Amino acid sequence: MRKETHDLILNILESESKNKGLTTVEVAELLKLSRSATSLYLNELLENNEIKQMGIRPVYWTSIDNRNIKEISDVFEQYIGYDGSAQEAIEKCKAAILYPPVGLPLLLSGPSGVGKSYLAKLIFEYLKEKRKDEAQTFIVFNCADYANNPELLSSILFGHTKGAFTGADSEKKGLLALADGGVLFLDEVHRLSHENQEKLFQFMDSGQFRPIGEEAKVISSKVRLMFATTEEPKDVLLPTFYRRISVTVNLPALHERPILERIALLHHLFAREAIRLNRDFEVDNQIFKELIDVQIPGNVGSLVNKIQMYCADSLRKDDSEKHLIIGSDHAHGYTFITSEKTTPKVKSNYLEQLNDAFISILDSDDSIPELKEDLFQFDAHFLEGNFHSQQDVYANQIISLIEKNNRLMIDNLDLTKRALTSVVRLLQVNKNTVSLQLLKQVKNKLSQSYPRTTLFAHYVTDGLSPEVRLFVEVILGILLVDKFSEDIKYHALLVAHGETTATSIQAVANKLSGEYIFDAINMPLTSSIRDVITQVKIWLSERDTSEGVIMLVDMGSLTQLYKSLKPQILGELLVINNLTTSYALEVGNQLVNGQMFYEIARSAEKTFVTNVQYFEGFSVEKNIIISSISGSDVSKKLKEICEKNLNPDIKLIVLNFNELRNILERATTDQNYLKETSLILTTSYLDNQSDVPSINLLDVLDVDAEDQMQSIFKNLIHPNNIPNFLNEFIHFFSKEGLSEKLEFLNPDVIIRQVEAITEKTEKRFNLQLSAKMKFNLTMHLALMVERMMLGDQDYPVPCDLSELKINQKYFYQNMKDIVSGLEQFYRITISDWEHFVLYEILNP
């Protein structure tokens, strides 16, 4: 919490609260903040014992005189991972050790050096914290010390009488007796002989034992028992003994623990050495990365040795400086470790509240822009000033890596700076505990509306640990929304030989264009054309290619590239066999300015005249083009119907209506351009002067529709499939089908409204529309309203709308008047492009 906010709340409660105090809503109004933000602030102050709470419904807040922070700690907070991967294990330990009357036998298992002894000590400290009578004594014994002498080991555990064996000159108490009223921790318990294991489980059953040499007398002892082993318990312990152990907790090897916990542990171990040596450290980040990823048999113990060796080596080189340099190469940056013993600590309960608030924001039904605003506000109100990356090892690594990728991709650090600092603070709060399912849901939501931003976030996080990459990628993508234009329709790729050739041009072209336009693939100098094709296919698989793809390459056979890649691309493909910065800038500017694919291709043929380029026809496979003037959702549904009925070897390509018009224009000058296209399916009449037949699918409503279908789809569909094919289209072009296509508008309401618009249109323009035309207009208007409400993409109008006429009446002015009621009712503005589409429908 910021100091200004902290002081303001205390002043409000001191000066304005009466006997009963102020409610959260009253405090929020005085602060001019939301109720949820105010509630978090008040709870933080309550947690710090700076204010008090009274009542239940409503709750009243008031100030108190004592503002000193009273720390209520949990001893297990010292165990890194206590609120993460070890949380369940620690809860089991607490339950076992507190179980009356003397706890349940507890076994800690795991490889050497994972912290079993340390956890056992914390369990004993927890008993003391709970003020248990049995927390008087803590005895630790390693069974491996006397594993080769089971008789002596038995004597140490159970004690012996005088004369029990040679050398037993006096009576001696065993560990079970000495630990009476306390805790006995037996490490390496698997080194006990079977006989000693049997004696021990008999004691666990009865609470009594006989010292060696004692025949009649038994001794009672109340001991809490803990064991540890580095082996698989069921393989090395007697079944009867193992079954008697009620609770088993397995501790994973160091490299198996989550990366954030490994980092926290590493930071703690370096800090411990810094305090011991009374020196601040600068630790090279490359050393940190090596130690984070290291897999060593001794786990934490061996890690401590490595760290101490690094420190010793640095001391050997320079013992005079207060500031110790760990590692000689700071090319990758360094992490600062302070020797100060006290560090600010945010209370765990408040951290949980912050994390719950963060997850609730992420799991809300807000739109992506609203989610972005919520996250920035949450960060500014609650995290900024309280969470810092300077001493957070992994935060530094995340920032460093993303900045490195930024330089390669777009070379604009200011673009990601604010978002990146918020991301690492949110990661510090959440500790990567948000579910993968939620992250994937949010990413899917983000990619639907902001695909280019999603791709940038994906590539700029390349190289992060898989454990945290999805979190960083999703949150960064949300916070970068509106930084990139989503109107750039086509994907662009640069491919070149050399370690940095393509990425160097990518960074310059993207930076000078002011947009994320190009991706880049650097290929080794020894790469073949097949290697290139393999890498490009991977790149293609990660994006929607239905609009088209442009590639600038510096190698290979254009024909082979085109024919190998085109079948994987839903839209068109342009390959330019020359990669220079100037050419990339030229193409980039055309994409930013919204030029259509055909215009870019035609420009490339003229501009890059000194170079060989390859631009083949629309498709190299037999195909059918599907396009609806009513939008891409309709086209995609038509494609689904076709996929179920048409021959599977026919490729179905969905285009927007404007793109289809450009393709048909190209086909008039290039006879072979649509040579592989068998048919064009639309939902309106089309000015088609090409040799490819086209059909308005609304014709299925005609009486002779089945005969038409048999003729038009000859060799494209099995005759037996025609009736089902026809029925699916008839359902689709019906009011019932229209209702299914609407996502959130009430079908009954919108259909009545657009039918009224259709009637007004007929009267205003003196038209007599057929039933088929009326339905086409009704369907289009209903879907248009929903598209406008969702902020659908606009397109340039190819003519002057104010000059268009229908039956000698100006279309644009009259149509705006007719649909004005719809605009007011739904609070939308119907674009000029949509007016042009309405003209096309009414004036076929």
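This is a dialogue in which a biologist learns to read some features of a predicted model.

Biologist: Before looking at single residues, how many helices and strands does the protein chain have, and what share of its residues count as buried?

Modeller: The secondary structure of the protein chain comes to 34 helices and 26 strands, and of its 844 residues, 51% count as buried. The accessible surface of the protein chain comes to about 40300 Å², with 47% of it belonging to carbon and sulfur atoms.

Biologist: Which residues touch the most other members in the largest nonpolar core?

Modeller: As a general idea, nonpolar side chains in soluble globular proteins tend to be buried together. In this model the largest nonpolar core has 93 residues, of which Phe 270, Leu 362 and Phe 378 touch the most other members. Helix 20, covering residues 466-479, gives the most to this core, with 9 residues. Apart from this core lies another one, of 78 residues, among them Leu 697, Ile 717, Leu 767 and Phe 811.

Biologist: With which residues is Leu 362 in contact, if its neighbours within four places in sequence are left aside?

Modeller: Leu 362 is then in contact with Leu 371, Val 434, Leu 438, Leu 439, Val 442, Ile 475 and Ile 478.

Biologist: How should I read a pair of aromatic rings, and which kind of pair do Phe 141 and Tyr 146 form?

Modeller: A pair of aromatic rings is described by two values, the distance of the centres and the angle of the planes. The count of such pairs here comes to 19, and one of them, formed by Phe 141 and Tyr 146, is stacked, with 6.0 Å centre to centre and 10° between the planes. Phe 141 counts as buried because its relative accessibility is 10%, whereas Tyr 146, at 32%, counts as partly exposed.

Biologist: Why is the pair of Phe 158 and Phe 209 tilted?

Modeller: The ring centres of Phe 158 and Phe 209 are 6.2 Å apart and their planes lie at 50°, so the pair is tilted. This pair links distant parts of the chain, since Phe 158 is in helix 6 (residues 150-158) and Phe 209 is in strand 9 (residues 208-209), 51 residues apart. Both Phe 158 and Phe 209 are buried, and ring pairs link them with Phe 203 into a cluster.

Biologist: Turning to the surface, which residues form a nonpolar patch there?

Modeller: Phe 744, Met 789 and Leu 790 form such a patch, and together they have about 300 Å² of accessible area. Leu 790 is placed in the loop between helix 32 (771-789) and strand 25 (805-806), and Leu 790 is exposed, with a relative accessible area of 55%.

How values were computed:
Residues are numbered from 1 along each chain as its sequence is written. This is a predicted model: local features need pLDDT of at least 70, side-chain atom pairs count only at pLDDT 80 or more; totals for chains, interfaces and linings use all residues. Side-chain values use heavy atoms; hydrogens and water are left out. Patches are made of residues with over 30% relative accessible area and no salt bridge: like charges are joined within 9 Å, nonpolar side chains (Val, Leu, Ile, Met, Phe, Trp, Tyr) within 5 Å. Accessible areas come from the Shrake-Rupley method with a 1.4 Å probe; for residues, only the protein chains shown count as cover. A salt bridge is a side-chain nitrogen of Lys or Arg within 4 Å of a carboxyl oxygen of Asp or Glu. Helices (H or I, at least four residues) and strands (E, at least two) are DSSP runs, numbered from the N terminus. Buried means under 20% relative accessible area, exposed over 50%, partly exposed in between (1.4 Å probe, protein chains only). A nonpolar core is a set of buried Ala, Val, Leu, Ile, Met, Phe, Trp, Tyr and Cys residues joined through side-chain atoms within 4.5 Å. Contact means heavy atoms within 4.5 Å. Rings of Phe, Tyr and Trp (its six-membered ring) pair if their centres lie within 6.5 Å; planes under 30 degrees apart count as stacked, over 60 as edge-to-face and the rest as tilted.
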